[in-house]
Amino acid sequence: MNSTSNSQQDNSTCRTYSWIAAIFAGVVVFLLAWKLLTWGFFPSLFVGVVVFLILGYALIHWFCSQATSVSSDSSTVAAAAAAALNMTAGSARQRNWPQAKTPTFTKTR
């Protein structure tokens, strides 16, 4: 199994766990609204479904998309950072700007 399919499998597992957690939270909110707050069945069901959808998408966004984007884009980010550093150093030389100097420290006694 290569790393791409492994990261896709990890992302799929993460998404599945996120939706399971969102279902659990939606059911808990539904039951609390229906029994403790004595809302009607349908208003409680509506609130539970809204919590399920919002929390499901939020959990996937917070936890699952970062794992995929970090693993797949790390080389792209490193290449972009290196290009930016080369570009700024090269443009400073072209404009005859003074180059940054490394400070030297001397011992005084």
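This is a short tour of a predicted model, stop by stop, for you to follow in your viewer.

**The whole chain**

Start with everything shown as a cartoon. The protein chain has two helices and zero strands. Helix α1 covers residues 3–36, and helix α2 covers residues 41–94. If you switch on a surface, the accessible area you are looking at comes to about 8900 Å², with 67% of that belonging to carbon and sulfur atoms. Of the 109 residues, 15% count as buried. For contacts between residues at least 6 apart in sequence, 59% join residues at least 24 apart.

**The disulfide**

Now select Cys14 and Cys64 and show them as sticks. Their sulfur atoms are 2.0 Å apart, and the two residues form a disulfide. A search of the whole structure finds one disulfide, so there is no second one to hunt for, given that the sulfur atoms of a pair must lie within 2.5 Å. Cys14 sits in helix α1 and Cys64 in helix α2, so to speak at two distant parts of the chain, 50 residues apart. Set a dihedral about the S-S bond and you should read -90 degrees, which makes the link left-handed.

Are the two ends of this link buried or exposed? Cys64 is buried, with a relative accessible area of 1%. Cys14, at 21%, counts as partly exposed, because buried means under 20%.

**Ser18 and its contacts**

Stay in helix α1 and select Ser18. This serine is buried, at 6% relative accessible area. Which residues does Ser18 touch, leaving aside its neighbours within four places in sequence? Show Leu59, Ile60 and Cys64: Ser18 is in contact with each of these. You have met Cys64 already, as the partner of Cys14 in the disulfide.

**The aromatic cluster**

Next, select Phe30, Trp34, Phe41 and Phe42, which form one aromatic cluster. In the whole model the count comes to six aromatic pairs, and two of them are worth a closer look here.

Begin with Phe30 and Phe41. Their rings are edge-to-face, 5.5 Å centre to centre, with 90 degrees between the planes. Phe30 lies in helix α1 and Phe41 in helix α2, so the pair ties together parts that are eleven residues apart in sequence. Phe30 is buried at 13%, whereas Phe41 is partly exposed at 36%.

Then move along to Phe41 and Phe42. This pair is also edge-to-face, with centres 5.2 Å apart and planes at 85 degrees. Phe42 is exposed, with a relative accessible area of 64%.

While you have Trp34 on screen, add Lys35. Lys35 lies over the face of Trp34, at 4.2 Å from the ring centre.

**Last stop: Phe46**

Finish in helix α2 by selecting Phe46. At 57% relative accessibility, Phe46 counts as exposed, because the cut-off for that class is over 50%. Add Gly26 and draw a distance between the two C-alpha atoms. How far apart are the C-alpha atoms of Phe46 and Gly26? They are separated by 9.7 Å, while the residues themselves are 20 apart along the chain.

Terms used
Residues numbered from 1 in each chain as written. Predicted model: local features only at pLDDT ≥ 70, side-chain atom pairs only at ≥ 80, totals over all residues. Heavy atoms only, no water. Helix = DSSP H or I, 4+ residues; strand = E, 2+ residues; numbered from the N terminus. Buried < 20%, exposed > 50% of the residue type's maximum accessible area, 1.4 Å probe, protein only. Contact = heavy atoms within 4.5 Å. Phe/Tyr/Trp six-rings, centres within 6.5 Å; stacked < 30°, edge-to-face > 60°. Lys NZ or Arg CZ within 6 Å of the ring centre and 35° of its normal. Areas by Shrake-Rupley, 256 points an atom, 1.4 Å probe, with all protein chains shown as cover.
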